Amino acid sequence: MKFAALVSGGKDSVYAIKKLIEEGNDLVALIHMYKEGNDFTDSFMYQTVGSEIASLFGEVMGVPLFKYKTSCKAINKELTYNVTNSDEVEDLFNAVSKTLDIVKFEGISSGAIASTYQKLRVESICERLNIKSLAPLWGVNQKELIEGMISSGLDARIVKIASPIFNKSNIGNNLIEIYEHVKNNSQLSYDKNFNFCGEGGEFESVVFDCKDLFIKRIDYEDLVIENHPEDDNKLESNRVYYGVFKNPFVINK
């Protein structure tokens, strides 16, 4: 099946692509939603950090990348989605529709693992456009999933943390370092419900390389760490931190 991939820049959407290609599907396009401007905006649907890395995915995968702006405004916050004017989901609907006019595909992939909220919204878009929603990571055990990502050669770095179990020094860590950080925490290592892939919002990532998927890899000159602007008056342990990878560039392997 020819498919287009929704890419946030993070590990889940990239690993989903890798799995679908291994199953014999054909990746023909990438779709990235971004918030214009420097203001830090949270979203119910999209990863809002790391666009500077995701913007290079077309070059490193050798596939056309289509970028579209989103308001990041969730008007309809119910679990089940009905078409709602000005909602951020409609930004994605328009993006997929426009891409379909340029590149023909039968399915859309996402990195959904456990968020029913996001999965139902992607499925709603697909139903309206008569294409299939592809979510190969859905329901997979998160500990097994991150172990699979590590063993597959996925080079992802942490770009945002939003949990007291992490701190700003974890920004820029790779998946092995995050996995070991959790394993070395005696309380978390035995918690079967812990979100090893960050599905509870604990952390977000961006991908710099992926074995057998990226034909080139990404690097950067500097990493600047900032806290969420609404957290200035909070204790450091309670702050949300995110990283900005300055001057990213592509390197031949």
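## The parallel sheet

Five strands line up in an open sheet, ordered 3-2-1-4-5, and their pairing is parallel. The edge positions go to strand 3 (65-69) and strand 5 (132-134); each has a single partner strand, so one side of each is left without a neighbour in the sheet. On average, and ignoring direction, neighbouring strands here are turned by 25 degrees against each other. Keep in mind while you look around that this is a predicted model.

For a closer look at one pairing, take strand 2 (residues 26-34), which runs parallel to strand 3 and is joined to strand 3 by five bridges. Here you'll find Met-33 standing opposite Tyr-68 of strand 3.

## Helices on that sheet

Helix 4 (residues 88-102) lies across four strands: strand 1 (2-6), strand 2, strand 3 and strand 4 (107-109). Its direction is at about 145 degrees to strand 2.

Helix 5 (residues 116-129) packs on the sheet too, where it touches strand 1, strand 4 and strand 5. The angle between helix 5 and strand 5 comes to about 150 degrees.

## The antiparallel sheet

There's also an open sheet of four strands, in the order 7-6-10-9, and this one is paired antiparallel. Strand 7 (203-210) and strand 9 (222-227) sit at its edges with a single partner strand each, so one side of each is left without a neighbour in the sheet. Ignoring direction again, the average turn between neighbouring strands of this sheet is 35 degrees.

Inside the sheet, strand 6 (residues 154-161) and strand 10 (residues 241-246) run antiparallel and are joined by two bridges. If you want to find the spot, go to Ile-161, whose bridge partner in strand 10 is Tyr-241.

## Helix 1 and its neighbours

Helix 1 lies across strand 6 and strand 7, and it runs at about 45 degrees to strand 7.

Helix 1 (residues 11-22) also packs against helix 6 (residues 142-151), at an angle of about 70 degrees and with the axes 11 Å apart. That angle falls in the range from 65 to 115 degrees, so helix 1 and helix 6 are roughly perpendicular to each other. On the helix 1 side, the residues involved are Lys-11, Asp-12 and Tyr-15; they meet Leu-145, Gly-148 and Met-149 of helix 6. Sorted by character, the residues of this contact come out as three nonpolar, one polar and two charged.

## How the two domains meet

The domain assignment splits the chain into domain 1 (2-134) and domain 2 (156-252). Their C-alpha centres lie 21 Å apart.

How many residues of domain 1 are in contact with domain 2? There are 25 of them, and they contact 30 residues of domain 2. Between them, the two domains bury about 2,300 Å², with 69% of that on carbon and sulfur atoms.

Note on methods: Residues are numbered from 1 along each chain as its sequence is written. This is a predicted model: local features need pLDDT of at least 70, side-chain atom pairs count only at pLDDT 80 or more; totals for chains, interfaces and linings use all residues. Side-chain values use heavy atoms; hydrogens and water are left out. Axes are lines fitted to C-alpha atoms, for helices over the stretch in contact, and angles run from 0 to 180 degrees between N-to-C directions. Angles under 35 degrees count as roughly parallel, over 145 as roughly antiparallel, 65 to 115 as roughly perpendicular and the rest as oblique. Contact means heavy atoms within 4.5 Å. Ala, Val, Leu, Ile, Met, Phe, Trp, Tyr, Cys and Pro count as nonpolar, Asp, Glu, Lys and Arg as charged, and the others, Gly among them, as polar. Two strands pair if DSSP finds at least two bridges between them. Domain bounds come from an automatic or database domain assignment. Buried area is the accessible area (1.4 Å probe) that two parts lose on being put together, summed over both.
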